[in-house]
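Colleague: Got a minute to go through this model with me? I'd like to start with the pockets.

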Amino acid sequence: MLKYRVTKSALLRLLVLCSLAGLFFVGVLPELEAIGKPRTPGEIHFTSPRPDPVAASSSAEPRRRPSGRVSDWFSGRFDELMTWEHNPWKIKKTTFGSHYFELLASKDPKDKAKAAELRQRAEALLQRVLERYPELAVTMKNVPAAQNGFLKWLELSERINADPSRPGTPGYRDIGLPKSWTEFINDKASWDAAAIRAWLAGEKDLLEEVRAIGSLPDQSVNGIDIDRYGFISARLGKSLTEMLLMDARLAAEEGDVDRALSSVKAATGLAAHFGNVETPSLLAVTVQILIQRQVEDFTVSHILPALPAGQLDARAWEEVVDARVRPPAEFARIMKGEWHITARQYLLPMLTDTEDPKYPVDPEALIDHFSGGFVQVIENYQSTSPADWTTVSPPGFPDNSHLSRESRELTDTLFVGTRAWSRGLERSQNGSGLTQAAFAILQGQPVQNDPIHNLPYRWNPATRELAAPDSPEFEGMDLPTITVPAP
């Protein structure tokens, strides 16, 4: 009698082979043939009419073909099996786009050249997509390099990041703000003018460069490689802003009003460089908001009270602080910029990489789904009245059930939670409205209502405390109570 020894490895191989056989006997051979058919560069063509973005995001029944569901299910299970840790033929788990980013990270000159070629193709594809979605087009500015505040900030940040003498971790370099400032800004210590003055003296050249950059009149991304600004360092921008605010506080104490005004103006200028380019990202605008809100709060709370008696020109300070209340249309502008950043840095280069083993079978539908979702957001946020923040309705996640598994996975990753982002922007407008009201009081004007809900601010003339309206609309906003200095 013959005895057979069946090993665990043999059983696992048999399991894999049976799974492969299953794929061929469930009636999905035509789809597998289509999936395996290689695409040629530049093959993306929009042969069907552009879909209605509203219909695409409705709650209608999934439009995916039944056979497509079967194919997706088996494809997903097969991927899980092939990347299973106990699989003797285990392979590395990859997703659509992994191949492109491997080329970007490679040190092989051939891979780098290939990645550059894909980027060039992506720019050509971008123009075709913009012809289909003209609502997403932007007009680029022609700003001379010497006047381009955004470019100069990039150059400075790249030098700081490359400086091995400065401590930090990959992704940013901490410029090393003084401990006395950190404790003061966190309400753990009093203002130490001597320590701040000594630290700024050691960073004089950097301070003057930041002041000069913030004072430049314009900003643009025109002609700048997307890799240089796709990610913005919030920490660095905030630290450089705080340098300017330190200097402004010292200048106010010393009676140098012009220097104090100049430093605050440079800080708000730095914020503008992040968010006022043609295609701002949501991350860059977040940095802009963080800087702007800190400038507003610190100026009113710490710089104006430090000015010599009788030297507070409220109109001049209101101009440099530049506390603006922006309408919902601002969110539409930002989302258009976010589309450009994501499309140019991720989606379109990936779609030009037809050698990607995970290349989706529906690139045109993927582009339409991604772009149509942004178009719907832009259409919903067209209002130019701040009061309309109370009525705009952010759309939800667009229905992607008709897309292939690879495309659905990618759209899930690229989805922007518009509700959270729009609420954050709205909250910052309420903060700026409170700052505007403080400057109105400083100029002897009546106390304003808030510009979004038209509710009265709470003003105590005895304590000179100004607070947000006592209303449910402001619960959870955590807006600070402002002590308005005497004029």
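Modeller: Sure. The second largest pocket holds about 570 Å³ of space. A pocket here is an open set of points on a 1 Å grid over the protein atoms alone, with protein on both sides within 12 Å along at least five of seven lines. The volume is the space filled by probe spheres set on the points, which are joined across faces, edges and corners.

Colleague: Before we go on, what kind of model is this?

Modeller: It's predicted: local features need pLDDT of at least 70, side-chain atom pairs count only at pLDDT 80 or more, and totals for chains, interfaces and linings use all residues. Numbering runs from 1 along each chain as its sequence is written, and side-chain values use heavy atoms, with hydrogens and water left out.

Colleague: OK, which residues lie nearest the centre of the second largest pocket?

Modeller: Thr268, Ala272, Gln292, Asp322 and Arg326, out of 28 that line the pocket; lining means having an atom within 4 Å of a point. The elements giving two or more residues are α13 (257–275), α14 (282–303), α15 and α19. Helices are DSSP runs of H or I, at least four residues, numbered from the N terminus.

Colleague: And the lining by class?

Modeller: Eight nonpolar, twelve polar and eight charged. Ala, Val, Leu, Ile, Met, Phe, Trp, Tyr, Cys and Pro count as nonpolar, Asp, Glu, Lys and Arg as charged, and the others, Gly among them, as polar.

Colleague: How do the axes of α15 and α19 cross?

Modeller: The axes of α15 (residues 314–321) and α19 (residues 418–442) come within 9 Å and cross at roughly 165 degrees. Axes are lines fitted to C-alpha atoms, for helices over the stretch in contact, with angles from 0 to 180 degrees between N-to-C directions. The two helices are therefore roughly antiparallel, the term for angles over 145 degrees.

Colleague: Which residues meet there?

Modeller: From α15, Ala314, Trp317, Glu318 and Val321; from α19, Thr435, Phe439 and Leu442. Contact is heavy atoms within 4.5 Å. That splits into five nonpolar, one polar and one charged.

Colleague: Switching topic: how many cavities of 30 Å³ or more?

Modeller: Two, a cavity being a set of points where a 1.4 Å probe fits but cannot get out. The largest has about 190 Å³ of space, and Gly373, Phe374, Pro398, Phe415 and Val416 are the closest to its centre.

Colleague: Which helix gives the most to that lining?

Modeller: α17, with six residues. The lining has ten nonpolar, six polar and no charged residues.

Definitions and conventions. Parallel < 35°, antiparallel > 145°, perpendicular 65-115°, else oblique.
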